[in-house]
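Welcome to this guided tour! Open your viewer, keep the selection tool at hand, and follow along one stop at a time.

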Amino acid sequence: MRKLILSLLPMLGLIAGSCGGKTDAKTIDMKSESASTGATALNENPADTSSVKVAVKTTEGDFEILLYGDTPKHRDNFVKLVKENYYDGTLFHRVINEFMVQAGDPESRNAPAGKHLGAGGPGYQIDAEFVYPARFHKRGALAAARTGDQMNPERKSSGSQFYVVTGKTYTPAELDQMEQQMIQQQFYSLAQKRRNDIMRMQKANDEAGLNALQEELIAQATELSKFTPQQREAYTTVGGTPFLDAQYTVFGEVLSGMDTIEKIEKTRTDRSDRPASDIKILSMKIIE
């Protein structure tokens, strides 16, 4: 580990493109949203911190979700869109077995067969609200899609697109291996943020400073990447997508109707992961 930072110097310009949860081939990264509606963002300091339940009706069945109170910007934005009937008639436009089902693109409404979807939204983003490790990508988790790290280093969420995690189960050994990969990626990401410090110390031949910074970043990366007992229990039993943790905002979970999500997950899809037969959100309603 002694030479980690020094070995990074030739590739610092490439790090931003190599990090960001790429421990698995699958990501939720999407193209930039277009300002396709007149919706506006909410007050950034909501007074209410309680959770909210939402009933969702689809052409494949119904399910109920809980919006967490500790991710208030995402909760309030979702509630606002539900009350505007924003999601009614939109599709589950991206579905991947043993990964997730994604929806919330307004351009998917009445979209012809073969149209590429996934870039639509209300024309704004939501600040990331990582409540990690308390909120993680267990099976049934509700999370926000977003554009990739290179164009979105703050990992802000899409204004409307969301996904429900299906994922798969992992063995303890697989989680151990993934943990090590995540530590390395976190190290690279943290090192990129300290690029100027690293270059300055390297130029001054400050090996002691580089070594001290390296140990600091290793400790930070390890703290950010270690799975908690709760995560390990979930990922080895019900499953999920652990490689997305701390990369995308988890702001709720499915309370009931996971069988509907499973039915959507198993549907036949085209090369763009769009279901061959449209699966629509018929309506969403706040449960008072």
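The peptide bond from Y132 to P133 is a good place to begin, but first a word of orientation: what you have on screen is a predicted model.

**Stop 1: an unusual peptide bond**

Select Y132 and P133. The bond that joins Y132 to P133 is cis, and its omega is near 15°. Where does P133 sit? Look in the loop between strand 8 (125–126) and strand 9 (141–144).

**Stop 2: the sheet**

Now colour the strands. Eight of them make up an open sheet, and if you walk across it you meet them in the order 5-6-12-9-13-4-3-14, with antiparallel pairing. Which strands are at the edges? They are strand 5 and strand 14 (281–287), and each of these pairs on one side only. From one strand to the next, the twist averages 25°.

What holds strands together in general? Strands of a sheet pair through backbone hydrogen bonds, and the pairing is either parallel or antiparallel.

Next, show helix 3 (72–83). Helix 3 packs on the sheet, where it touches strand 3 (52–58), strand 4, strand 9, strand 12, strand 13 and strand 14. Compare directions as well: that of helix 3 makes about 120° with that of strand 14.

**Stop 3: strand 13 and its partners**

Select residues 250–256, which form strand 13. Five of its seven residues are buried, so strand 13 is largely enclosed by the rest of the structure.

Add strand 4 (residues 61–67), which pairs with strand 13 in the antiparallel sense over four bridges. To see a facing pair, pick I65 and then V254 in strand 13, which stands opposite. Then bring in strand 9: its pairing with strand 13 is antiparallel too, over three bridges. Here the residue to click is A141, whose bridge partner in strand 13 is E253.

For another pairing in the sheet, select strand 6 (100–103) and strand 12 (residues 162–165). Strand 6 and strand 12 run in the antiparallel sense over four bridges, and A103 stands opposite F162 in strand 12.

**Stop 4: two residues with positive phi**

Select N85, in the loop between helix 3 and strand 5 (92–96). N85 has a positive phi of about 60°, although it is not a glycine. Is N85 buried or partly exposed? Its relative accessible area is 44%, so N85 counts as partly exposed.

Move on to E98, in the loop between strand 5 and strand 6. E98 also has a positive phi of about 60° and is not a glycine. With a relative accessibility of 42%, E98 counts as partly exposed.

While E98 is selected, draw a distance from its C-alpha to that of G167. E98 and G167 are 69 residues apart in sequence, and their C-alpha atoms are 4.2 Å apart in space. Leaving aside neighbours within four places in sequence, E98 is in contact with T166, G167, K168 and E265.

**Stop 5: helix 5 against helix 6**

Before you select any helices, here is a handy idea: two packed helices are described by the angle between their axes and the distance between the axes.

Show helix 5 (residues 195–203) and helix 6 (residues 207–225), whose axes come within 8 Å and cross at roughly 150°. Angles over 145 degrees count as roughly antiparallel, and helix 5 and helix 6 are therefore roughly antiparallel to each other. The crossing of helix 5 past helix 6 is left-handed. Display side chains and you can find I198, M201 and Q202 of helix 5 meeting G209, L210 and L213 of helix 6. Sorted by class, this contact has four nonpolar, two polar and no charged residues.

**Stop 6: helix 4 against helix 6**

Keep helix 6 and add helix 4 (residues 172–193). Helix 4 and helix 6 pack at an angle of about 130°, with axes 8 Å apart. That makes helix 4 oblique to helix 6. The crossing is right-handed. Among the helix 4 residues that meet helix 6 are E179, M182 and F187, while the helix 6 side includes L217, A221 and S225. By class, the contact has nine nonpolar, five polar and one charged residues.

Finish by zooming in on E179 in helix 4. Is E179 buried or exposed? E179 is buried, because its relative accessible area is 5% and buried means under 20%. Not counting residues up to four places away in sequence, E179 touches S225, K226, F227 and R232.

Technical notes. Residues numbered from 1 in each chain as written. Predicted model: local features only at pLDDT ≥ 70, side-chain atom pairs only at ≥ 80, totals over all residues. Heavy atoms only, no water. Buried < 20%, exposed > 50% of the residue type's maximum accessible area, 1.4 Å probe, protein only. Contact = heavy atoms within 4.5 Å. Pairing = 2+ DSSP bridges. Axes fitted to C-alpha atoms, helices over the stretch in contact; angles between N-to-C directions. Parallel < 35°, antiparallel > 145°, perpendicular 65-115°, else oblique. Left-handed = near helix turned anticlockwise from the far one by under 90°. Nonpolar A, V, L, I, M, F, W, Y, C, P; charged D, E, K, R; others polar.
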